[in-house]
Amino acid sequence: MVAAPGENLRINGDRLWDMLMDMAKIGPGIAGGNNRQTLTDADGEGRHLFKRWCEAEGMTVGVDRMGTMFATRAGTDPDALPVYVGSHLDTQPTGGKYDGVLGVLGALEVVRTMNDLGIKTKHPIVVTNWANEEGARFAPAMLASGVFAGVHSIDYAYGRKDPDGKTYGDELKRIGWLGDEEVGARKMHAYFEYHIEQGPILEAENKQIGVVTHCQGLWWLEFTLIGREAHTGSTPMNLRVNAGLAFGRILEMVQAGAMSEQPGAVGGVGQVFFSPNSRNVLPGKVVFTVDIRTPSQEKLDRMRATIEKQAAEICEPLGVGCSVEAVGHFDPVTFDPVLVGRVREAAEKLGYSHMNIISGAGHDACWAAKVAPSTMIMCPCVGGLSHNEAEEISKEWAAAGADVLFHAVLETAEIVE
């Protein structure tokens, strides 16, 4: 017999919070957050802790050839496809304690609560730690889930290099987390991801739960501008080939272009490398990444085309060479309406205030949605701050979203009495 979860059922919010704080001790930052970048020793240590917690709950842990971890709680039907629930444990260099981590440990808390209550489900439940979601060390972001979904080849992923020239494949072997499962061989019944909003909307609207209906599309466009190194004091203005000037004008152009596509579009530059990066030398080379996002496919296509065209027009009269490489991309995503409905119904049943929301950031759920019905749940974060060591949420916010996750997952995995 299949039963619906009772509205009185809740996860253990204190236990979830304790897990978050324990994981935050691994790879501490310098200002209260975390620096647990992909395939570093700290990432390896965090993986070992997560594995111990999962095995203590009777789960079996598998690892694929990209280093993604899958912890399985068996279902009663050996032929039923699993419900996957997860996010990521890797962080930005100056990351917070909750981005990604809340989704992995919130999923584990769902299993712990099921074990406490003796709940059985028809479908297995798989708690997932996707590798290299952030893309901070190895671009692009969501690399492992992208290989899983067939967007990237594993050879492409293994060849990605960090700023020191180390490859993803070599570092995966070095930290001992190269698994033997074929990437993407697993089949999903459904995928859920719980995440902090990473924006200010839920807090401003005083809502506890974000019911995520869509995710913005994205392009990361890496520009390389080639000028001529020259002394800043003795080179006449009219004889300069200034890659830095071209960069400044492109930056302003990106800002103006994003503003012209309002509402619902953003654009900016968060990473720049000047060479030789000396006070009194005009840069001979500037490398930077333009990040554009919008939930509209039409706007996304238009913004990319406009930026590449106008960048070339800016550089030509300055004598600056300009090349561009797309180093990250996904199209706008519409999440599965049935799963979205279950999240909304769970929030209503539990009495939590909620609203529909579009994710401004990319997530592994964006790639999972290519291979299975998928959706996301969001909780507020203080001031909308994320990718920052000052990132903060409350214990109550964390528990509310995990409660909704618990009920939506059980509805999908089908409780068996």
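Just after helix 3, G118 takes a positive phi of about 65 degrees, a local feature of what is a predicted model. The helix that G118 follows, helix 3, spans residues 101-117 and so comprises 17 residues, and its first and last C-alpha atoms lie 24 Å apart, close to the 24 Å expected at 1.5 Å a residue. Of the 17 residues of helix 3, 14 are buried, which means that this helix is largely enclosed by the rest of the structure.

**The annotated binding site**

The loop between strand 4 (83-87) and helix 3 holds H88, and D99 is found in that loop between strand 4 and helix 3 as well. Both residues belong to a "binding site" feature that UniProt, in an unreviewed entry, places at H88, D99 and H195. These positions are spread over 108 residues of sequence, yet they cluster in space, with a largest C-alpha distance of 9.7 Å.

H88 has a relative accessibility of 0% and therefore counts as buried. Leaving aside neighbours within four places in sequence, the contacts of H88 include the other two annotated positions, D99 and H195, and also take in G100, V101, V104, N129, W130, E133, E134 and D364. D99 is likewise buried, because its relative accessible area is 4%, which falls under the 20% cut-off. Not counting residues up to four places away in sequence, D99 touches H88, D90, E134, H195, I196, Q198, S386, H387 and E391. One link between annotated positions is made through side chains, since the side chain of D99 forms a polar contact of 3.0 Å with the side chain of H195.

A further aspartate, D43, is found in helix 2 (residues 41-56). At 4% relative accessibility D43 counts as buried, and, with residues up to four places away in sequence not counted, D43 touches R36, Q37, T38 and I175. The three residues for which accessibility is given here are set side by side below.

| Residue | Location | Relative accessibility |
|---|---|---|
| H88 | loop between strand 4 and helix 3 | 0%, buried |
| D99 | loop between strand 4 and helix 3 | 4%, buried |
| D43 | helix 2 (residues 41-56) | 4%, buried |

**The four-stranded sheet and its helices**

Elsewhere in the chain, four strands form an open sheet in the order 11-13-9-14, with antiparallel pairing. Strand 11 (266-275) and strand 14 (321-330) are the edge strands, each of them pairing on one side only. With direction ignored, neighbouring strands of this sheet are turned by 15 degrees against each other on average.

Within the sheet, strand 9 (residues 217-226) and strand 13 (residues 285-294) run antiparallel and are joined by 10 bridges, and F223 stands opposite F288 in strand 13. Helix 9 (residues 297-315) packs on the sheet, where it touches strand 9, strand 11, strand 13 and strand 14, and its direction makes about 10 degrees with that of strand 9. Helix 8 (residues 243-260) lies across strand 9, strand 11 and strand 13, and runs at about 170 degrees to strand 11.

For residues 216-315, the UniProt record, again an unreviewed entry, carries the annotation "domain: Peptidase M20 dimerisation". Over this stretch, residues 216-315, the chain is 37% helix and 34% strand, and the C-alpha atoms at its two ends are 30 Å apart.

Methods: Residues are numbered from 1 along each chain as its sequence is written. This is a predicted model: local features need pLDDT of at least 70, side-chain atom pairs count only at pLDDT 80 or more; totals for chains, interfaces and linings use all residues. Side-chain values use heavy atoms; hydrogens and water are left out. The expected span of a helix is 1.5 Å times one less than its number of residues. Buried means under 20% relative accessible area, exposed over 50%, partly exposed in between (1.4 Å probe, protein chains only). UniProt positions are given in the numbering used here, feature names are shortened, and annotations may be inferred rather than shown by experiment. Contact means heavy atoms within 4.5 Å. A polar contact is a pair of N or O atoms within 3.5 Å; within protein, one must be able to donate a hydrogen and the other to accept it, and residues adjacent in sequence count only if both atoms are side-chain atoms. Two strands pair if DSSP finds at least two bridges between them. Axes are lines fitted to C-alpha atoms, for helices over the stretch in contact, and angles run from 0 to 180 degrees between N-to-C directions.
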